[in-house]
Amino acid sequence: MVIVELLVNFVIAFLLCAFVHEGGHYLVAKCFGKTIHFKFDMAKLFGWIPIPRWIWYMPEDLSKNKQKVVALSGFGMELIVSSLLWFAGWYYAYIVWFFHIGLYPFYAGEANDFKFLV
């Protein structure tokens with residue numbers, strides 16, 4: 001039973017982190033008067049482990065600084081919410097965030113949020 005509870009908590013944390021991450025991009029773009037559209041895709045972690053993900057497209061008519069803010073808002077919002085949950089005693093979201101940001105470069109490919117930072 002403990003393993004089932006652990007798995008359920010990690011699945012909930014994974015879905016919550018994904019929703020909060022993409023929601024961060026969406027809300028910040030909306031603050032700049034733009035709308036982001038998403039599409040579902042499968043990525044490959046280390047080239048062979050399938051990872052479900054949502055891909056979004058940066059509005060092209062944003063300044064470079066605003067593009068950086070929109071790009072960083074996904075992980076930023078995810079960090080804020082998962083940290084609040086950590087302090088509330090629910091550690092799963094923060095653990096998922098930690099692994100998400102650590103593994104992200106190994107599966108993001110062309111749809112990488114960090115490409116807007118250069």
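Buried means under 20% relative accessible area, exposed means over 50%, and partly exposed is what lies in between, with a 1.4 Å probe and protein chains only. Keep that scale at hand for the tour.

This is a predicted model, in which local features need pLDDT of at least 70, side-chain atom pairs count only at pLDDT 80 or more, and totals for chains, interfaces and linings use all residues. Residues are numbered from 1 along each chain as its sequence is written, and side-chain values use heavy atoms, with hydrogens and water left out.

**Stop 1: the hairpin**

Select residues 38–45 and then 49–56. These are strands β1 and β2, which run antiparallel and are joined by eight bridges. Strands here are DSSP runs of type E with at least two residues, helices are runs of H or I with at least four, and both are numbered from the N terminus. Two strands pair if DSSP finds at least two bridges between them. To see one pairing, pick Asp41: its bridge partner in β2 is Arg53.

Next, click on Lys44, which is found in strand β1. Lys44 counts as partly exposed because its relative accessibility is 46%. Which residue of β2 stands opposite Lys44? That is Pro50. Not counting residues up to four places away in sequence, Lys44 touches Ile49, Pro50, Phe106 and Tyr107, where contact means heavy atoms within 4.5 Å. Now add Gly109 to the selection: 65 residues separate Lys44 and Gly109 in sequence, yet their C-alpha atoms are 8.8 Å apart.

Move across to Pro50 in strand β2. With a relative accessible area of 47%, Pro50 is partly exposed. Leaving out residues up to four places away in sequence, Pro50 touches Met42, Ala43 and Lys44. A C-alpha to C-alpha ruler from Pro50 to Tyr107 reads 9.0 Å, for two residues 57 apart in sequence.

**Stop 2: the turn**

Three residues lie between β1 and β2 in this hairpin. Zoom in on Phe46, placed in the loop between the two strands. What is the sign of phi in Phe46? Phi is positive there, near 55°, in a residue other than glycine. Most residues other than glycine have a negative phi. At 47% relative accessibility, Phe46 counts as partly exposed.

**Stop 3: where two helices cross**

Now show helix α1 (residues 2–31) and helix α3 (residues 92–103), whose axes come within 8 Å and cross at roughly 65°. Axes are lines fitted to C-alpha atoms, for helices over the stretch in contact, and angles run from 0 to 180 degrees between N-to-C directions. The crossing of α1 and α3 is right-handed, meaning that the near helix is turned clockwise from the far one, whereas a left-handed crossing has it turned anticlockwise, by less than a right angle.

To light up the contact, select these side chains:

- on α1: Leu6, Asn9, Phe10, Ala13, Phe14, Cys17 and His21
- on α3: Tyr92, Ala93, Ile95, Val96, Trp97 and His100

Colour them by type and you should find 10 nonpolar, three polar and no charged residues. In this scheme Ala, Val, Leu, Ile, Met, Phe, Trp, Tyr, Cys and Pro count as nonpolar, Asp, Glu, Lys and Arg as charged, and the others, Gly among them, as polar.

While α3 is on screen, pick Phe98, which lies in that helix. Phe98 counts as exposed, since its relative accessibility is 52%. From Phe98 to Glu78 the C-alpha distance is 9.9 Å, with their positions 20 residues apart in sequence.

**Stop 4: the cysteines**

Is Cys17 buried or exposed? Cys17 is buried, because its relative accessibility is 5%. Cys31, at 68%, counts as exposed. A disulfide is a pair of cysteine sulfur atoms within 2.5 Å, and by this rule the count comes to zero.

**Stop 5: Gln67**

Finish on Gln67, in helix α2 (residues 64–87). Gln67 counts as buried, with a relative accessibility of 9%. Its contacts, leaving aside neighbours within four places in sequence, are Met58, Pro59, Glu60, Leu62 and Phe116. Gln67 and Ala29 lie 38 residues apart in sequence, and 8.7 Å apart from C-alpha to C-alpha.
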